[in-house]
Amino acid sequence: MSDTTPDFVGDHAVDQTTLDIIESTLSNTRYEMDRVVETTAISPVIREQSDQFPLIADAQGRMVMGQFGSAIDTILENSSFDRDDLEEGDVLATNDPYMCAGAVSHTPDMLLLRPIFYEGDLVGFSSQWGNLMDVGGKTPGSMPVKATTIFEEGMRLPPVKLYKRGEIDSELLDVFVHNTRLPDHAEADIKALAAGTKAAETRIVELCDRFGKETYLDACDAILDRTRDGMINLIDEFIPEGERYTFEDHVDDDGMGNGPIKLHLEIYREGETVYLDWTGTDAQVPGTVNFLLNEKMFKMFTGVFLIMAFDPLLTFNDGYYDLFEVTLPEGSVLQPEFPAALGNRLPMMARQFDVLQATFSKLIDGFSVAGSYGTSPNLVYAGTDSEGNEFQMLEILYGGIPARPGGDGLDGHSWWPMFRTVPAEYQEAYYPLTIDEYSTRADTGGPGEFRGGHGITKVFTFEEDGAITFQDDRAHTYPWGVDGGKYAKTSEKRLIRADGTEERLPSKVENVAVAAGDKLVFSTAGGGGLGDPLDRDAELVASEVERGLVSESAADEEYGVVLADDGTVDESATADRRAEIRETRDEPKQFDYGPLPDEETLRKQIRDERRSFESQHS
C-alpha cells in the first residue's frame with residue numbers, strides 16, 4: 001500500500017450481509033432526505049421540481065452516499081471553528097460558492113451541514129442543499145444576467161452555525177431572510193433542508209444502535225473501498241494507456257455580448273490514475289455564466305459516467321477520488337477568481353458534461369457515447385399585481401436529452417434525472433399567468449439511428465404587468481450528433497406583445513418589461529442524434545410522423561423513409577430513397593456540429609445581437 005493510498009483501503013471486519021444492509025439503508029436514506037425536504041418546503045423549485053441534493057459522509061467528511069461530492073473540509077476551513085467545536089444538534093449553513101469550493105455553485109443554493117454524533121463521538125455528517133427562490137440581489141430570483149461580480153447576486157452567508165445544540169439562531173435567520181424578496185419561502189425552505197439532514201442523523205443513529213458504532217464506521221470504510229476497487233477495474237478495462245484524447249465545445253455567450261466561450265478537455269491515463277486537464281479553456285468572462293467547478297464534484301461526474309455506462313450497481317462516493325487527477329486552470333470559466341459572478345452557471349455546467357462524455361467517446365474503444373445535450377434554462381417572472389400583491393415565479397425548463405447507445409433521447413427532460421416539471425395547474429393557481437401550450441418541438445432532436453430528444457415549446461400569457469429574466473443557451477451553437485447522428489435544432493425565444501407586435505429575444509435577458517396580455521414563446525433546444533439516420537427503423541419513423549414528433553418531410557430528407565398515402569412505410573420506395581441518399585451525401589461525421597460559421601463570424605453575430613437588444617431596451 002503506497003503512502004497516497006486512502007486509509008479506508010484494506011481488510012474490513014464487517015461481514016458481507018451486514019455491509020449490504022448498512023449500504024442499502026444509507027442509499028434509501030438519501031432518498032428519504034429528499035422526500036422530507038420536498039414535503040416540507042413550500043417553494044415550487046424544490047417542492048415540485050426537486051432542485052435539492054443530499055449527502056451522507058463519514059467522520060472524515062468523505063461522501064459515502066450522494067451525488068455532488070463533499071466539500072466538508074473546505075466549509076470547516078472557511079468557518080470560525082473546527083471539528084472540535086462541533087456539537088450534537090449543530091447545523092452549519094452557507095450559500096457562498098467561494099467558501100465551499102463550488103459545492104454549491106451560485107448564491108440561491110443554500111447548503112446545510114449537520115455533524116452526526118453517537119455516544120458523544122463524531123460518526124459522520126449529513127448535508128442537504130436546495131435552490132431557494134430568492135436571496136436578494138439586483139434581480140428577482142437572484143440570477144441576474146448583467147452582473148459582473150457576485151456582490152450583485154444576493155445575500156451571501158459564510159459557513160456559520162444556524163442551529164446550535166438543536167436551537168435555531170433566529171436572529172441570524174431573520175437577518176438572512178430579511179434580505180430576500182420572499183422571506184417566508186426562504187425561511188420555510190431552509191428549515192426543510194435542516195429537516196432533511198435530521199432524517200439522515202436518525203437513520204445513522206439507528207444503524208449504530210443496531211450494529212454498534214465501530215461496525216458502522218468500518219462499514220463506511222468498506223463501502224468506500226468497494227467503490228474504489230470497482231473503479232480500478234473500470235479504468236483498467238476501458239481507459240487505455242499511452243494516448244491523449246481531447247475535445248472542445250462552446251457555451252454561446254455570457255449574456256453581455258462575449259462569446260463563444262470555449263471549454264477544452266484532455267484525458268489520459270498513467271497506471272491506475274486518470275488525468276483530466278481543462279487547460280486551454282477560456283478565461284473567466286465578465287457575465288454570470290462562470291462555473292466554479294468543485295474538483296470533487298467533477299471527479300464525481302467522471303465516475304458517474306463510467307459507473308452508469310459500465311457498472312450501474314456500483315455506489316457513487318468519494319472512494320475513487322484518488323484515482324483521478326484534475327487540472328482546473330485558475331482564472332478560467334471553470335475556476336473563476338473571486339468575486340466573479342456565477343449566477344447563470346447552468347450553460348457552462350451542461351457544456352462540461354458534453355465535453356466530458358465526448359472525450360470519453362474518443363478514448364473508449366468501440367463505445368459510442370450520447371450526443372450533446374440541449375439546455376436547462378431558468379425563467380423568472382416577477383412583479384406586483386393589480387391588488388398590490390407581489391409575486392415571483394421561478395421555473396427550471398427542460399430541453400432534449402441526447403440519444404444514447406441503444407435508445408432515443410428523452411423529449412423535454414432535465415439532464416438531472418430526478419428533476420420534475422412544475423405542473424401547469426400549479427403555476428396557473430399561484431401566479432398571474434396562463435400556460436397556453438406545453439408541447440414537444442417536432443424535428444428538433446438530432447436525427448440518428450437513435451434520435452435525440454426534442455426540445456419543448458412553452459407559451460406563457462402574462463396576466464399582470466411585470467418583468468422576466470431568463471438564461472438559456474444553444475441559440476447560436478448546435479447540440480452535436482455522434483457517429484453519423486446529426487445535430488439538433490437550437491433554442492429560441494419570442495415575445496408577442498398584446499398589440500400583436502413580435503420581438504425575438506436573445507437566450508439570456510434580464511428584467512425585460514412585460515404587460516398584461518403579452519405572450520412569451522419559450523422554445524428549448526433538442527439533443528444530438530446517435531448513429532446513421534438511414535439505419536433507423538422505418539416503422540418507428542412512420543409512427544413518429546403519425547404522432548407529430550417527426551414531419552413527413554424530415555422522414556424523407558433525414559431518414560430516407562417514404563410514406564404511402566395511408567401513412568405506412570412504402571418499403572420499396574424507402575429502400576430506393578435510402579440508397580440515393582447514401583450515394584449523394586458526404587461521409588457521415590464522428591461529431592456533427594451543424595452549420596456553424598467560423599469563430600470570428602460567430603463572435604460578431606453574438607456581439608451584434610446583444611448590441612441590438614440593448615439599444616431597444618435601454
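**Exercise 1. State which residues form the negative surface patch, and place Glu571.**

Step 1. Asp537, Glu539, Asp570, Glu571 and Asp576 form a negative surface patch. Patches take residues with over 30% relative accessible area and no salt bridge, and like charges are joined within 9 Å. Asp and Glu count as negative.

Step 2. Glu571 belongs to helix α12, residues 571-584. Helices are DSSP runs (H or I, at least four residues) and strands likewise (E, at least two), numbered from the N terminus.

Step 3. With a relative accessible area of 61%, Glu571 is exposed. The cut-offs are under 20% for buried, over 50% for exposed, and partly exposed in between (1.4 Å probe, protein chains only).

The model is predicted: local features need pLDDT of at least 70, side-chain atom pairs count only at pLDDT 80 or more, and totals for chains, interfaces and linings use all residues. Residues are numbered from 1 along each chain as its sequence is written, and side-chain values use heavy atoms, with hydrogens and water left out.

**Exercise 2. Find how many salt bridges the structure has, and describe some of them.**

Step 1. The whole structure holds 52 salt bridges. Each is a side-chain nitrogen of Lys or Arg within 4 Å of a carboxyl oxygen of Asp or Glu.

Step 2. One of them joins Asp121 and Lys213, at 2.4 Å from N to O. Asp121 is in strand β5 (residues 121-131) and Lys213 in helix α6 (residues 213-238), 92 residues apart. Asp121 is partly exposed at 35%, whereas Lys213 is buried at 18%.

Step 3. Another links Asp322 and Arg228, with the closest N and O atoms 2.8 Å apart. Asp322 lies in the loop between α7 (295-310) and β11 (324-327) and Arg228 lies in helix α6, so this pair ties together parts 94 residues apart in sequence. Asp322 is partly exposed at 27%; Arg228 is buried at 7%.

Step 4. Glu544 and Arg536 form a salt bridge at 3.3 Å, and both residues are buried.

Step 5. A network of salt bridges connects Asp249, Asp253, Arg351, Asp354, Asp473, Arg474 and Lys508.

**Exercise 3. Explain why Cys208 has no disulfide partner.**

Step 1. A disulfide is a pair of cysteine sulfur atoms within 2.5 Å. The search of the whole structure finds zero disulfides.

Step 2. The closest cysteine sulfur to that of Cys208 is in Cys220, and because it is 8.2 Å away, it is too far for a bond. Cys220 is likewise in no disulfide, its nearest cysteine sulfur being that of Cys208.

Step 3. Cys208 is buried at 2% relative accessible area, and Cys220 is buried at 1%.

Terms used:
Patches are made of residues with over 30% relative accessible area and no salt bridge: like charges are joined within 9 Å, nonpolar side chains (Val, Leu, Ile, Met, Phe, Trp, Tyr) within 5 Å. Accessible areas come from the Shrake-Rupley method with a 1.4 Å probe; for residues, only the protein chains shown count as cover. The place of a charge is taken as NZ of Lys, CZ of Arg, CG of Asp or CD of Glu.
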